Structure formats: C-alpha cells, structure tokens
Amino acid sequence: MSNNKRVTLSVFLIAFAFGLSITGIAPILGILKTEYATYGTDSVQILQTLHYLLLMVGSIFIGYLTTKFANKNIAIIGLLIIGVFGVLPAFIAGYNVVFISRLLIGFGFGITSPINTAIITEFFVPEKRPMYFGLHVIGMGFGNMIANLVGGVLAGINYRYFYLVYGIAFISLLGVKVLLPKEGKKVLVSKEDMKMNKEVYMISFASFLHTLFITAYSTNIAIYVAQKITENSAIVGTVTAVNAAFALIVGATFAGISKVLKKATLVVSTILAVLGYVAIISIPGLLGVYIGSAFCGASLSCFMARCSFMLSVSVKPEAAAKASGIFSIIGGVGGLVSPILIGRLSEVITHSNTSINQFMVSLFGMVLLTVFVYVISYKVDKNKI
C-alpha cells in the first residue's frame with residue numbers, strides 16, 4: 001500500500017473517531033433528562049457540551065506538542081483517551097460518572113481534532129487539501145452516523161449500553177498505529193514560522209458563533225422529539241443519523257462544492273443552518289425534524305471543511321496544527337456555553353426556555369453569522385482565502 005493511501009486511511013480513521021464529539025450523548029439526552037431529573041434540564045444539557053472545556057485545554061497545547069512529538073503518537077494518545085472515558089459510563093452508573101467522563105474525554109478530542117490538519121498539511125499540497133479536508137468531514141460524519149444508529153439501538157435495550165459505541169475509538173487507534181507512516185525528524189521552528197494572523201482569529205470567531213448556534217440542534221433535538229413526537233430512542237437515533245448522513249454527503253462532495261462555490265462556500269454553509277432551523281420550526285412532525293436535521297448536518301460539514309482549508313492556507317505549514325488548535329479553542333467556547341447562553345437568550349427574548357424557542361434564537365443568530373462570514377470570505381486578505 002502506498003504512503004498516500006496509508007495517510008488517507010489514517011485521516012479517515014482519526015476523523016471517524018472524532019465524529020463521536022458531535023454525537024456526544026445526544027441520542028439519550030431525552031432519557032437522561034428523566035433519569036437525572038433532580039439535577040435540572042441545564043445540568044443534563046451541559047453533559048452534551050462539557051467536553052469542550054478540556055477540548056480547549058488540549059487544543060492549547062497542540063501547537064507545542066507537534067514540535068516535540070510525532071503526529072502519530074499524539075493521535076494514538078488522543079484516541080486512547082476518547083475510548084477509555086467514552087465507554088466508562090457503560091460500566092459505572094451515576095450523573096457524576098457521566099459528568100467526569102464527558103469532561104475528561106474532551107482532552108482526547110482536543111489533541112485529536114487539530115492533528116488531522118497537521119497531517120494533511122504535511123503530506124499534501126494546497127491544491128489537494130480540499131479533498132482531504134472533505135475526507136476528514138466524511139470520517140466525522142460517518143462516525144457520527146454509525147454512533148447515532150448503533151447507539152440508538154443499544155439505548156433501546158438499556159440506555160447505558162449507548163456508551164459502548166465509544167469503542168469506535170479503539171478501532172481507529174489500531175488502524176492509525178498500523179497505517180500512519182512514521183514522520184521525519186522534528187526540526188526547530190522559529191517564532192515567525194508559528195506566527196498567527198488576523199485570518200486565523202476571524203475564522204475562529206466565526207467558528208465560535210457557528211458552534212454556539214448549531215449546538216442548539218444537538219442539545220435540543222432529542223428533547224424536542226421526546227416531548228413533541230415520540231419517546232422512542234431508536235427514532236431519535238434515526239433523526240440524528242440523518243444529520244450525520246448529510247454531513248457525510250457534503251464531506252464526500254466537498255472538493256466539488258468548494259470548486260464550484262469558491263468564496264461563497266462559507267456563506268452557503270451558514271445559510272443551510274438557517275434553512276434547517278426554519279424547517280424544524282415551521283414544518284410539523286417528524287418531516288420537519290428530518291429536513292432540519294439534514295440541513296444542519298450539511299451546514300456543520302461544509303462550514304468545518306471550508307474553515308479548515310482556509311486555516312491551512314493562511315499560515316505556514318509548521319503552524320497549521322497551532323492554527324487549528326486556536327480554531328478548536330475559540331469554537332469550543334461556543335459549544336461549552338451554548339446550552340446556558342442560548343437558554344438565557346430564549347428566556348429574555350421569548351420569555352420561555354423551551355427547545356422550539358432555542359431553535360428560534362439560533363435561527364436568528366445564524367442569519368447574523370451569515371453576514372459576518374460574507375465579510376470574512378470576500379473582504380479579508382483576498383489573496384489568501
């Protein structure tokens with residue numbers, strides 16, 4: 001097998017496991033809301049986004065780690081953390097165990113997410129990268145979809161069995177250990193090589209806003225379906241699998257999408273989220289939920305792939321992991337505060353913190369974000385992005 005194929009499969013496997021960060025515990029949030037009713041809705045919803053806290057910590061160190069350790073070793077350690085803490089609640093019950101596992105798993109996601117950007121930037125020239133960033137999104141979407149489908153079925157037997165889907169990380173770990181080629185000797189890099197620029201921070205701020213508003217989908221959809229449509233966890237798993245499936249489709253076609261839309265790609269990604277929330281709010285029953293899930297999945301996939309490409313061409317190759325780490329940190333803040341901030345905005349604006357009202361707040365937030373990403377895509381350093 002050629003080195004390119006080995007790298008390609010490794011990129012897919014790392015992203016496949018990282019897809020679990022999107023799934024989180026969304027398929028069983030409705031069940032956990034009942035199981036941990038004494039802790040309150042906010043405390044249950046935060047379990048879906050708690051991993052962002054240590055994800056940010058991991059992302060802070062990734063730039064330094066890539067100058068000292070092989071990308072392969074960093075990926076293996078990250079995948080090991082995801083697997084161990086992901087499956088832990090299947091064997092030990094209780095809110096506190098879930099809380100701790102969701103917190104610690106974030107460090108694994110924090111060092112795993114940026115590493116693919118470093119690997120892609122190291123092995124492939126800029127002209128080839130959109131295809132591989134698309135592959136990264138495919139892996140994330142496929143991992144998310146499998147986790148939702150299998151997890152939903154397992155949760156139908158016993159909700160704690162859902163956590164076993166995090167065994168996906170162990171499969172990816174073995175694949176990366178066997179497939180990913182060894183790197184050359186690490187070389188010293190200067191401060192100038194690692195310097196960040198305004199593009200990195202503007203793209204990252206866009207990620208903060210996008211993550212803030214798109215997270216409202218994952219933290220509310222299971223509760224919304226359980227309260228308004230059905231409590232069947234298998235149906236919830238199917239709904240979130242649709243979300244993952246459309247993320248997968250966009251990832252598979254991202255190279256072509258990027259080639260056609262060019263600078264409009266990022267703008268289109270946020271418009272898709274707007275359409276998703278409109279569908280959930282305005283179309284009754286499962287039809288609206290399925291359509292909304294499809295659009296939100298496509299939005300996340302397109303947004304992340306485009307931002308990753310924009311970051312890779314905005315800095316020197318040696319700084320790609322650091323830029324991706326900053327992107328993850330700032331975006332992670334959006335995910336971490338989303339349940340609380342969107343909930344409070346719903347109370348202030350609509351006087352009621354319900355799932356449907358959180359969807360409405362996120363809809364208008366995405367409209368404002370569309371204006372901001374237009375500025376980034378068309379006005380900021382045109383020669384680069």
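Let's start with a pocket: the lining of the second largest one mixes 6 nonpolar, 6 polar and 2 charged residues. Keep in mind as you look around that this is a predicted model. The space in this pocket comes to about 230 Å³. Its lining counts 14 residues, and those closest to the centre are Gly30, Ile31, Thr34, Ala226 and Glu231. If you want to trace where the walls come from, follow helix H3 (29–35), helix H10 (198–228) and helix H11 (233–252), each of which supplies at least two residues of the lining.

Now for the enclosed spaces. Rolling a probe the size of a water molecule over the atoms shows where empty space is left. Here there are 2 cavities of 30 Å³ or more. The largest cavity has a volume of about 570 Å³, and 37 residues line it. To find its centre, look for Ser21, Ile22, Tyr52, Leu300 and Met304, which lie nearest to that point. Helix H10, which we met at the pocket, turns up again: the largest share of this cavity's lining, 7 residues, comes from H10. As for the character of the walls, the lining of the largest cavity holds 14 nonpolar and 23 polar residues, with no charged ones.

The second largest cavity holds about 70 Å³ of space. Its lining is made up of Ile22, Val137, Met140, Gly141, Asn144, Asn243, Ala247, Leu300, Ser301 and Met304. Two or more of these residues come from each of H8, H11 and helix H14 (285–312). H8 gives the most, with 4 residues. Sorted by class, this lining has 6 nonpolar and 4 polar residues, and no charged ones. A few names may ring a bell: Ile22, Leu300 and Met304 line this cavity, and they are also among the residues nearest the centre of the largest cavity.

Let's stay with H8 for a moment and move to the outside. This helix covers residues 129–157, and Ile157 belongs to it. Is Ile157 buried or exposed? With a relative accessibility of 61%, Ile157 is over the 50% cut-off, so it counts as exposed. Ile157 also has company: together with Phe91, Ile92, Tyr161 and Leu164 it forms a nonpolar patch on the surface, and the accessible area of the five adds up to about 520 Å².

Next, a look at charges. Side chains of opposite charge can pair when their charged atoms come close. How many salt bridges does the structure hold? There is 1, and it joins the side chains of Glu347 and Arg344, at 4.0 Å from N to O. Both partners sit in helix H15 (residues 320–350), where they are 3 residues apart, about one turn of the helix. Glu347 is partly exposed, at 37% relative accessible area, and Arg344 is partly exposed too, at 39%.

Finally, follow the chain past the end of H15 to a backbone detail. Most residues other than glycine have a negative phi, and most peptide bonds are trans. His351, in the loop between H15 and helix H16 (355–379), has a positive phi, near 65°. At 69% relative accessibility, His351 is exposed. Lys262 also has a positive phi, near 50°. You'll find Lys262 in the loop between helix H12 (254–261) and helix H13 (265–282), where it is exposed, with a relative accessible area of 53%.

Methods:
Residues are numbered from 1 along each chain as its sequence is written. This is a predicted model: local features need pLDDT of at least 70, side-chain atom pairs count only at pLDDT 80 or more; totals for chains, interfaces and linings use all residues. Side-chain values use heavy atoms; hydrogens and water are left out. Patches are made of residues with over 30% relative accessible area and no salt bridge: like charges are joined within 9 Å, nonpolar side chains (Val, Leu, Ile, Met, Phe, Trp, Tyr) within 5 Å. Accessible areas come from the Shrake-Rupley method with a 1.4 Å probe; for residues, only the protein chains shown count as cover. Buried means under 20% relative accessible area, exposed over 50%, partly exposed in between (1.4 Å probe, protein chains only). On a 1 Å grid over the protein atoms alone, a cavity is a set of points where a 1.4 Å probe fits but cannot get out, and a pocket is an open set with protein on both sides within 12 Å along at least five of seven lines; lining residues have an atom within 4 Å of a point. Grid points are joined across faces, edges and corners, and a volume is the space filled by probe spheres set on the points. Ala, Val, Leu, Ile, Met, Phe, Trp, Tyr, Cys and Pro count as nonpolar, Asp, Glu, Lys and Arg as charged, and the others, Gly among them, as polar.
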